[in-house]
Amino acid sequence: NVWTLATADEVDSSNTQLMTRAAQGAPHGLVLAAERQTAGRGRLGRRWQMPLGAGLTFSVLWRFERGLSGLAGLSLVVGVAMVRALRRFDVPVQLKWPNDVLLDGRKLAGILIELSGDALGPAAVVIGIGLNMASPGEVDQPVANLAEAGYQVGRNALLAELLNQLAAVLATFDRDGFAAFHAEWTACAAYLQQPVLLRFSHGEPVAGVALGVDGQGALQVDTAAGPRVFHVGEVSLRAA
Ligand code: BTN
């Protein structure tokens with residue numbers, strides 16, 4: 001077993017904590033599961049807030065042999081691990097590029113990946129996962145949670161299964177890259193062959209039809225101006 005599990009009642013953000021500890025030399029496989037976050041962070045600078053007891057909130061530190069330049073596709077691969085784990089509990093989830101986990105078309109879980117290292121040397125990566133177990137109260141987007149959708153899944157059992165699947169998937173990804181997961185990701189994907197809208201932190205949104213992902217996990221979209229490819233980063237996708 002690669003994991004060393006630490007728990008905390010309250011942290012600012014489990015990702016922030018592990019990024020700091022990574023810089024201080026914390027070991028590969030350190031997991032921090034937090035009951036509550038006071039400054040939980042989402043992708044694209046958003047916040048990730050969760051009332052006490054409503055979520056599963058944790059981060060893992062993984063030290064890759066690959067450098068940062070070899071980590072394209074990692075966020076999709078983490079999504080694959082989550083799908084595998086949730087399907088073990090018969091929860092029929094799908095993935096929204098790059099890595100939201102959807103249940104009945106609504107967001108069940110999010111993934112925040114933060115990297116340190118250089119292009120070629122080993123990279124240290126913090127992977128943070130937030131999953132809605134019960135109703136989060138007032139939220140500004142349609143979200144799903146396991147309890148209201150009728151799934152009785154224990155939080156500790158789910159964490160253990162997620163860690164099992166992550167360990168397997170991350171080791172394979174480090175060795176073989178995204179190619180090893182391309183077919184599985186595609187089979188789990190929502191919105192393929194459907195009209196989508198891509199939004200950027202700056203500039204006009206782009207409309208098109210999502211076709212699939214390339215060998216690096218970049219999204220291929222058929223737009224009015226022809227085929228385009230979008231990389232994981234400052235892009236968010238929604239159904240058009
Ligand atoms: C997203 O969908 O925008 C990603 C949400 C990621 C939230 C998790 S909760 C555990 C970890 N710590 C954080 O501050 N964020 C991630």
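**Sheets, domains and ligand shell in a predicted model**

Phe200 stands opposite Val235, a residue of strand β12. This pair belongs to a model that is predicted, and the description below proceeds from the sheet containing β12 to the domain arrangement, the second sheet and the surroundings of the ligand.

Strand β8, which spans residues 195–200, is joined to β12 by five bridges, and the two strands run antiparallel. Both take part in an open sheet of five strands, arranged in the order β11-β10-β9-β8-β12 with antiparallel pairing. The edges of this sheet are occupied by β11 (226–230) and β12 (235–239), each of which has a single partner strand, so that one side of each is left without a neighbour in the sheet. From one strand to the next, the twist averages 45°.

Strand β9, covering residues 206–213, contains Ala207. Once neighbours within four places in sequence are left aside, Ala207 is in contact with Pro195, Leu197, Thr223 and Ala240. The residue is classed as partly exposed because 13 other C-beta atoms lie within 10 Å, a count that falls between the limit of 12 or fewer for exposed residues and that of 20 or more for buried ones. Ala207 is separated from Leu102 by 105 residues in sequence and by 21 Å in space, taken from C-alpha to C-alpha.

At the level of domains, the protein is divided into domain 1, comprising residues 4–188, and domain 2, comprising residues 195–239. The centres of domain 1 and domain 2, taken over C-alpha atoms, are separated by 23 Å. To the contact between them, domain 1 contributes 13 residues and domain 2 contributes eleven residues. On the side of domain 1 that touches domain 2, helices α2 (74–88) and α4 (182–188) each supply at least two residues, and the largest share, three residues, comes from α4. The composition of this side of domain 1 by class is eight nonpolar, four polar and one charged residues.

A further open sheet is built from seven strands in the order β1-β2-β3-β7-β6-β5-β4, and its pairing is mixed. Its edge strands are β1 (4–11) and β4 (94–96), each of which pairs on one side only, while the twist from one strand to the next averages 20°. Within this sheet, β3 and β7 run antiparallel and are joined by nine bridges; Gly55 stands opposite Asn132 in β7. Helix α2, which also supplies residues to the side of domain 1 that touches domain 2, lies across β4, β5 (100–103), β6 and β7, and runs at about 135° to β6.

The ligand is surrounded by 20 residues, of which the closest are Ser13, Gly42, Gly110, Gly128 and Gly130. Two or more residues of this shell are given by each of the elements α1 (14–23), β3 (55–63), β6 (106–116) and β7 (124–132). Strands β3, β7 and β6 are consecutive in the order of the seven-stranded sheet. By class, the shell around the ligand divides into five nonpolar, eleven polar and four charged residues.

Notes. Residues are numbered from 1 along each chain as its sequence is written. This is a predicted model: local features need pLDDT of at least 70, side-chain atom pairs count only at pLDDT 80 or more; totals for chains, interfaces and linings use all residues. A residue is near a molecule or strand if its C-beta atom, placed from the backbone, lies within 6 Å of it. Helices (H or I, at least four residues) and strands (E, at least two) are DSSP runs, numbered from the N terminus. Ala, Val, Leu, Ile, Met, Phe, Trp, Tyr, Cys and Pro count as nonpolar, Asp, Glu, Lys and Arg as charged, and the others, Gly among them, as polar. Two residues are in contact if their C-beta atoms, placed from the backbone, lie within 7 Å. Two strands pair if DSSP finds at least two bridges between them. Axes are lines fitted to C-alpha atoms, for helices over the stretch in contact, and angles run from 0 to 180 degrees between N-to-C directions. Domain bounds come from an automatic or database domain assignment.
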